[in-house]
Amino acid sequence: MSRPAFLVDGYTEKLIVEELCPGSKVRRIGCNGNTVSIDAIAKLVASQIRLMNTQFHPIFIVIDREDRKEEAHAIAENLEGQIRLHGINETIRVVVCDRMIENWNIADWENLKSSVGNELPFDKPLNTDCCNGKSQLRQHLPNYQETTDGVRLFKSARPSVLVENSPSFRRLHDALYDVNWWWKSKEL
């Protein structure tokens, strides 16, 4: 049986994983933003994985693409490679939110509409993975708070819709194939 651990960018991601994957080890990486190099992230991740002393399997690393030029899947491959260069041999699965975790919330547009009372000033973005999700949410929810509203919206979203509308979320969903994540199979 797997005993997963998650290393994530920020507080919102940490709160989401703690609620949706109870009992998992969840830690913040300790650096984020588009100015942080992939190698710097890899060094911190490798250090945290070594501190786990092989107690967890698999280990998920979830970061935001932010404004980086490379595509999300290329960043994930680069980060995994850099982590391996730091001597990590454990089973790791790297997922990059394209552009930020808020993009996954807007990928279930109907859920967002019901959360704001069906009054959205414009249509769903054509590509929810490539826009500024936080900006989109703040346009619809002027008092949007990442650690409360962001977590609530994520928990109420339909994973099957997110998989359909967000390639970066699909990579997370697929990576969780052997993890007991109650929300993953939720359908509305």
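## Strand β3 and its neighbours

Strand β1, which covers residues 5–8, pairs with strand β3 in the parallel sense, and the two are joined over 4 bridges. Within this pairing, Ala 5 is the residue that stands opposite Ile 59 in β3. These descriptions, like those that follow, refer to a predicted model.

Strand β3 also pairs with strand β4, made of residues 92–97, again in the parallel sense and over 6 bridges. One of the matched positions links Val 62 to Val 95, which is its bridge partner in β4. To get from β3 to β4 the chain passes through helix α3, residues 72–85, and this β-α-β crossover is right-handed.

## The two faces of β3

How many of the residues in β3 are buried? Strand β3 runs over residues 59–64 and is mostly covered, with 6 of its 6 residues buried. Ile 59, Ile 61 and Ile 63 point one way from the strand, while Phe 60, Val 62 and Asp 64 point the other way, and all of these residues are buried.

## How α2 meets α3

Helix α2, formed by residues 38–52, packs with α3 at an angle of about 55°, and the axes of the two helices lie 8 Å apart. An angle that is neither under 35 degrees, nor over 145, nor from 65 to 115 counts as oblique, and α2 and α3 are therefore oblique to each other. Their crossing is right-handed.

On the α2 side, the residues in contact are Ile 38, Asp 39, Ile 41, Ala 42, Val 45 and Ile 49, and these meet Ile 75, Asn 78, Leu 79, Gln 82 and Ile 83 in α3.

How values were computed
Residues are numbered from 1 along each chain as its sequence is written. This is a predicted model: local features need pLDDT of at least 70, side-chain atom pairs count only at pLDDT 80 or more; totals for chains, interfaces and linings use all residues. Side-chain values use heavy atoms; hydrogens and water are left out. Buried means under 20% relative accessible area, exposed over 50%, partly exposed in between (1.4 Å probe, protein chains only). Two strands pair if DSSP finds at least two bridges between them. A crossover is right-handed if, with the strands pointing away from the viewer, the path from the first strand over the helix to the second runs clockwise. Axes are lines fitted to C-alpha atoms, for helices over the stretch in contact, and angles run from 0 to 180 degrees between N-to-C directions. A crossing is left-handed if the near helix is turned anticlockwise from the far one by less than a right angle, and right-handed if clockwise. Contact means heavy atoms within 4.5 Å.
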